[in-house]
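Let's go looking for empty space inside a protein. Have the sequence and the 3D view ready, and we'll walk through them together.

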Amino acid sequence: MSATTAYSSPPEPVPSVLVVLAVRDAAEWLRECLQALAAQTYPRVGVLAVDDASEDGSNELLLQALGEGRVLRHDIHLGLSRCFDEAVAHPVAAEADFVLLLHDDAVLDPEAVARLVEATMLAGAERVGIVGAKIVDWDHPRRLRDVGRSADLFGHPYSALQAEEIDQGQFDRVLEVLSVDSCAMLVAREVWQTSGLFDERLGDDDGDLDLCWRARIAGFNVLMTPLARVRHAAVAERDDRPGVERSRRYEEDRAALASVLKNDGLLTLGWVVPLGGVLTLVRLLYLLLSRRFEEAYEVLAAIGWNVAHLPSTLSARRRVQTHRRIKDRVLRRFTESAGLRLPRWFTTAERILEEQRELEAEEADEPAAARLRQRTVSLVSTHPVIVACFLGIVVGALAARGLVGPDRLYGGAIPAFPSSPSGFFAELVSGYRTTPLGGSLAASPALGLMGGLSSLLFASTSLAQKIMVGVGPALAAILCYRAAVRLTGRPGPSVVAASAYGLSAVVLSAFSDGRVALLAALVVLPALVERLEVAFASAEPPDGRWRSIAGLAVTIAVGIAFVPGLLLGIGVVALVQLITGSRRARGLAIVALSSVGAAILLFPFVPSLVADRGAALGSELGSSDPWHLVRLAFEDGPATWAPALFLPVAAVLGLALASGDRRRPALRAGLIAIAGLTLAWLSAAGYLPSQIANTPVYVSLAATAEAFLVAFGLASAIGALGREAFGLRQVGTALLTLTLAGGILLQAVATMTAEWAIGGPDRIPAAWAVVDSSSKGPFRVLWIGADDGRSFPAPGGDPQGVIEAGAATLRYGLTTRVGALAIDTARPFVGPGSDAMREALGEILSGTSIHGGALLAPFGVRYLVASDDQLSDAARTRLDAQVDLDMVPAAGLAIWVNEASLSPATVLKANEKTVRIVLAGQPAATQRLTAVPAVSLSQVEGGWSGATGGGNLAVVSTEFDDAWTLQGSAAEPARTFGWATSFPVNGPSVSIRYGAQLPRTIAIWVLAAVWVAALWITRKPVAR
């Protein structure tokens, strides 16, 4: 070989690196960290340590290893950010080309510094500002901890690593990433001089993403090199050090929002912040519904921190944007991969795809049909919840297509929501009832929930109405799944049972009619039945006896707040458990104490529940046709057809297949289902007292029990299928599978294609325009119909009572001009006013009076409305005989106008005769009432106000209470028409107010405190 001589320029100087070691109480692992620094092969490396007020001898170790000139000490704890800032401000740092920010619990491989510097000089890598290492676990070096991170659109860090992923070389290449771990981060001088280091406001564990993001915006690249390996103990994550007060999620959320506000461009902020707000709202709703109150609080606390620190964030933003060289769209490749931050779903989806790829490789030689069948079976059996959720979203989206739109929902039996959330809260707090005929019965605490939900949904009551109706069936299925999986321990059978429950006739009928209260009961019932089963079971409640009592009390209170009749269903379940349960004494004690707790949670509402001997518990709805009831349908509606019979049939098969430990719970569920259907028929047929006749509740209870029977049967059959020889159990399992598959499929198809009773304004009968648009001012509508168990035409809602009059027997309901109201949820129509109206209707239907209009005038009734097919000939004849009720032609509806009507609150120009009639309080006198000049009063908060129009007698159709006052006058209220309220007036205007509001206000504040305490006791603890 020949030698050649070459002349070359002098080699470029090797960049210098200053290792900045931040130390705090690290004596246990610091020695190994220092030894690793001493073993580095890189030629130009120095060390500067900052002792952050250590108290365990760490400072002595540093002085021994580095000397006083290389150790800075704090007398108080200042945090990593301040440590690093102080270090780079030190004169020794001014001479360094790079600083290596190092935690005291990180140990570098010997070539780590060399490899980090080497990555900054890679061909094609321009302006490398930050380089991170491959971080592995301290105790298990083959376990990866960090290989660089991206982030979602909202600033949350996102790692490609799975939990405890093993290092198999899958990341052994230099990666361009958004951020790297700060436990060993190489930072170029130009970066810290341009963008600074960590934002000390964000804490020790959340500044790395923000720093790297700022470096990226300033035009620097961020890399991760696998050639530099670092063992990291992550002591702070293990909470081995004192002082951890907030959850990790709070710290992360706080830093994420601050980073977005600082680093995103103005155009990006314009859509990321609103979108983030919507997703945060959804997250808060989920956390509240799942009783994760501490987590919900910390979400709000993270937002609150950013609001409080907004001035300093904006100041930092100005500095960041001043150095911006890269647009947001260039960085989008580091954020889009994380989407909307659903890591669990992404992980599951990735695992499913891997499984399907493996199956595809194994079945490469099989026919396509066989491959598809096997892969489908594998997917459904391995991931039943994921598959059910996906299919449920598809079915639900198609079913709810008619709910989309800006307007509120109409039709069916859906109650009208107030125009704003304050309407719910005002009625809840009000000392008197503002709805028809008034009284002192308190409103249901359910109004607080509906008002709170409306407030969270941008103060939109129409959106809250749609959410409660649209999400109701899905939430019922989810709660059924959770209850079933707790009883059976088998997710697959529980998913099938929940799907059958969500697609049952009673659930879909409630959805079709917009029965918000009944949907809430259907959501609560599975949890109630499951909790009662656990209370009487041989084993102790898994969450402890007292916590179980509190949880059952809250569940009972929520259900009864929407549907008081749910108390009847609870009684049926408790009775079955008392007869057949394993631990009767303990179960009875739990039920008794839970009932007391529920009563406390409902205490202002309890008088409303017991009024008129418990009238609130009953319902006038329900068909007595056994074929309807067996299909779990209490009235006609979409998806209540013959295939709805699949759930009862499957329940019978499930009862036959249940075995082992599931046999006795299945027998109890069977008894509950039989009792529910029997009581439903007895209610509808009129064999039960009205206070305990509630067909919808009993049918709902039967549906819940039948869903549990499906879960018990499937869980038993699947568990024993492979252990037994072919026989009747295998035949039964096949029949159960076919019944469920066919029924669920047909019900799903019906759900996706049905025309629901609720929807837009077109769901209101066209003839209703006669009532709605032809009259001005406030008035009331009396809805009437045959006693056939059906609801009134929209917007009349459900019947409130029955007038027995032989062939002319009628059901009735009194509403405002907008129909049934949500603020009257669960509150019965009882009291002196109701009794007086029943007496007036009895006079009309008995034929003893022909002045029905005058008899109904004190109740503010201007119209009587019925469906043409819901009125008997006898009742129609009696109404036509009334001389002051005029029939109005209207297709589809029978409408009578009351010529003698009065406004619900009015000032009369009353002569002596009229005054005597008004004060007499007897139907015989009232029917002599004739039209007199009158001026309507407007309903305002706390009462009524308006001009007198020269009148002398203010009459208010609200039940008499001596707490009513006439402002500016010492006049006492007078009992009018035997039940209503009046005042003598003079002058140009009048103002009537309720004077006993304070006790109710105090009661509601106490109630709120009790609910907060109860929910706090039953909360799910936050993971810290």
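First, a bit of vocabulary: a helix here is a DSSP run of H or I with at least four residues, and helices are numbered from the N terminus. Keep in mind, too, that this is a predicted model.

Now for the holes. Rolling a probe the size of a water molecule over the atoms shows where empty space is left. Here the count comes to four cavities of 30 Å³ or more.

Start with the largest cavity, which holds about 80 Å³ of space. Around it you'll find D152, L153, W213, D264, T268, D328, L331, R332 and T335. Sort that lining by class and you get four charged, three nonpolar and two polar residues.

Next, hop over to the second largest cavity, with a volume of about 60 Å³. Its lining has seven nonpolar residues, two charged and one polar; among them are L487, F708 and F712. Which helix gives the largest share of this lining? That's α27, with four residues. At least two residues each come from α20 (516-536), α27 (663-685) and α28 (695-720).

Finally, leave the cavities and find E959, in the loop between β25 (953-956) and β26 (964-966). This residue is buried but has no salt bridge. A salt bridge would need a side-chain nitrogen of Lys or Arg within 4 Å of a carboxyl oxygen, and the nearest side chain of opposite charge, R433, is 6.5 Å away. Leaving aside neighbours within four places in sequence, E959 is in contact with residues including L437, G438, V830, P832, W964 and W979.

Terms used:
Residues are numbered from 1 along each chain as its sequence is written. This is a predicted model: local features need pLDDT of at least 70, side-chain atom pairs count only at pLDDT 80 or more; totals for chains, interfaces and linings use all residues. Side-chain values use heavy atoms; hydrogens and water are left out. On a 1 Å grid over the protein atoms alone, a cavity is a set of points where a 1.4 Å probe fits but cannot get out, and a pocket is an open set with protein on both sides within 12 Å along at least five of seven lines; lining residues have an atom within 4 Å of a point. Grid points are joined across faces, edges and corners, and a volume is the space filled by probe spheres set on the points. Ala, Val, Leu, Ile, Met, Phe, Trp, Tyr, Cys and Pro count as nonpolar, Asp, Glu, Lys and Arg as charged, and the others, Gly among them, as polar. Buried means under 20% relative accessible area, exposed over 50%, partly exposed in between (1.4 Å probe, protein chains only). Lys and Arg count as positive and Asp and Glu as negative; His and the chain ends are not counted. Contact means heavy atoms within 4.5 Å.
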